[in-house]
Amino acid sequence: MTHLPAGGPLRPVRSHPAGAAFDGRPPDPADTDPAVLTALLHRHGWQRRGGIPGRYGRWTPPGPGTGTGTSLLVPVSRAFPDSEDLLGEALLALSRSGAPRAREILLALAVPSDEIHWSRDTPAGPGGATAWTAEEQLRSAARRILLAAALATRARTGFHGARHRRTAAAALDTVLVGPARGGRRLTAFAPVTTGRSLAVCLHHALYAVREAIDYRRATGGMDAFDTAVAAGVSQELTEALVALVRGTEGARVGIAWAPAAGVPGGCAAAAEPVEFSPGDLPVLREAGLRYQRTEPSVTVRITGTVVRMHRPGPRGDGVIRLRVLAGAEIGRVRAVLGEEDYRIAGHAHLVGLPVRVRGRLESRGGFRRLTDARDLEPVQVDDAERDRLLKALQANAETAAFFGEACGTDDGI
């Protein structure tokens with residue numbers, strides 16, 4: 001193991017920016033650094049087999065029969081007149097190659113990206129086959145790990161719940177996750193321009209959680225998990241690692257930095273993948289529960305639009321749901337209001353005005369509930385914004401639940 005140097009449905013992964021840049025045609029040799037191509041070939045298992053020292057190297061793909069078939073002549077620099085010609089021929093051959101990971105190399109050239117690798121030791125069935133659900137499980141766990149790292153770039157806390165979900169999920173829009181080869185291997189590409197902070201945070205968080213697990217085993221204490229929060233460890237990350245390791249004989253997560261961008265400060269240049277085993281699962285689960293129990297509630301002043309209302313009778317307290325506009329990094333929140341505040345919320349809803357309310361964002365339930373709600377008041381907006389809010393509310397199917405009170409129904413607010 002390596003010790004040194006980060007609930008709800010998951011959104012589908014969108015295309016990587018390289019998707020448009022790499023459409024089957026090789027990258028432009030003029031935009032390709034020979035040293036970067038060489039580093040990527042070496043990273044992905046290609047082997048150098050001769051060539052003129054100081055001028056070019058001959059590279060063959062990994063796997064059986066590496067001495068025959070596809071080979072690439074890659075110049076070591078642009079110092080010689082034929083360097084660009086050799087580079088163009090190598091890129092063309094790579095684009096036509098059926099060798100493993102050839103497309104990943106071309107993607108990394110098209111958009112410099114840090115590579116995040118997952119691998120799992122899954123029990124093999126007859127003929128070396130794996131369960132058809134293995135790929136889905138690997139992709140889901142990998143997505144949750146990336147989301148946990150994205151959450152940690154927004155705030156370092158032990159339990160995020162519903163907070164920062166929208167911005168963290170948006171940070172993954174440019175990340176490409178490739179095929180999960182038999183449910184055993186998976187690679188994600190995080191563009192340096194938009195995803196390096198995510199990769200750096202994940203790098204530190206993985207080592208921190210590994211060290212915290214080892215400290216727990218050695219001393220019986222959980223203190224290391226408390227300090228690991230500063231490195232990006234959270235309940236979301238520990239639960240994602242449980243999903244990655246569960247049902248396997250072990251799993252590893254590693255990060256390889258984009259050669260074109262270099263190694264970020266404070267990170268290991270060639271760190272080994274961080275390993276986790278089934279024996280780590282009880283500690284990871286214990287840490288996740290600890291984070292969830294100890295995260296305090298937060299006093300907030302939320303501005304939002306009322307999208308759902310209910311109370312059991314014509315008078316008394318009622319429950320509303322707000323679509324949050326400001327005041328908290330969450331999408332929606334539920335609050336119990338006194339009779340007068342409930343009446344004000346109803347009037348604001350009918351005329352298309354947002355409301356502002358004070359309370360405590362409760363950690364129990366994932367920061368989706370506002371307790372001790374008080375001082376509710378409408379928020380004045382200009383006519384154009386008011387019309388927009390009214391149209392949005394009318395188009396939202398949830399708004400129909402507002403009339404559940406008149407019909408005496410409970411819509412499960």
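F225 sits in helix α8, which covers residues 223-228. Keep in mind that this is a predicted model. Below are quick notes on F225, on S83 in helix α3, and on a barrel built from 5 strands.

**F225 in helix α8**
- F225 comes out at 0% relative accessibility, so it counts as buried, the cut-off being under 20%.
- Setting aside neighbours within four places in sequence, F225 makes contact with V209, A212 and I213, and also with V283, A287 and Y291.
- Y215 is 10 residues away from F225 in sequence, and their C-alpha atoms are 9.0 Å apart in space.

**S83 in helix α3**
- S83 belongs to helix α3, which runs over residues 83-96.
- With a relative accessible area of 3%, S83 is buried too, because that value falls under 20%.
- If you skip residues up to four places away in sequence, S83 touches P75, S77 and R78.

**The barrel**
- Going round the barrel, the 5 strands come in the order β9-β10-β11-β13-β12, and their pairing is mixed.
- On average, neighbouring strands of this sheet are turned by 50° against each other, with direction ignored.
- Strands β12 (residues 355-362) and β13 (residues 369-378) run antiparallel and are joined by 6 bridges.
- For a specific pair to look up, take E362, whose bridge partner in β13 is R369.

Note on methods:
Residues numbered from 1 in each chain as written. Predicted model: local features only at pLDDT ≥ 70, side-chain atom pairs only at ≥ 80, totals over all residues. Heavy atoms only, no water. Pairing = 2+ DSSP bridges. Helix = DSSP H or I, 4+ residues; strand = E, 2+ residues; numbered from the N terminus. Axes fitted to C-alpha atoms, helices over the stretch in contact; angles between N-to-C directions. Buried < 20%, exposed > 50% of the residue type's maximum accessible area, 1.4 Å probe, protein only. Contact = heavy atoms within 4.5 Å.
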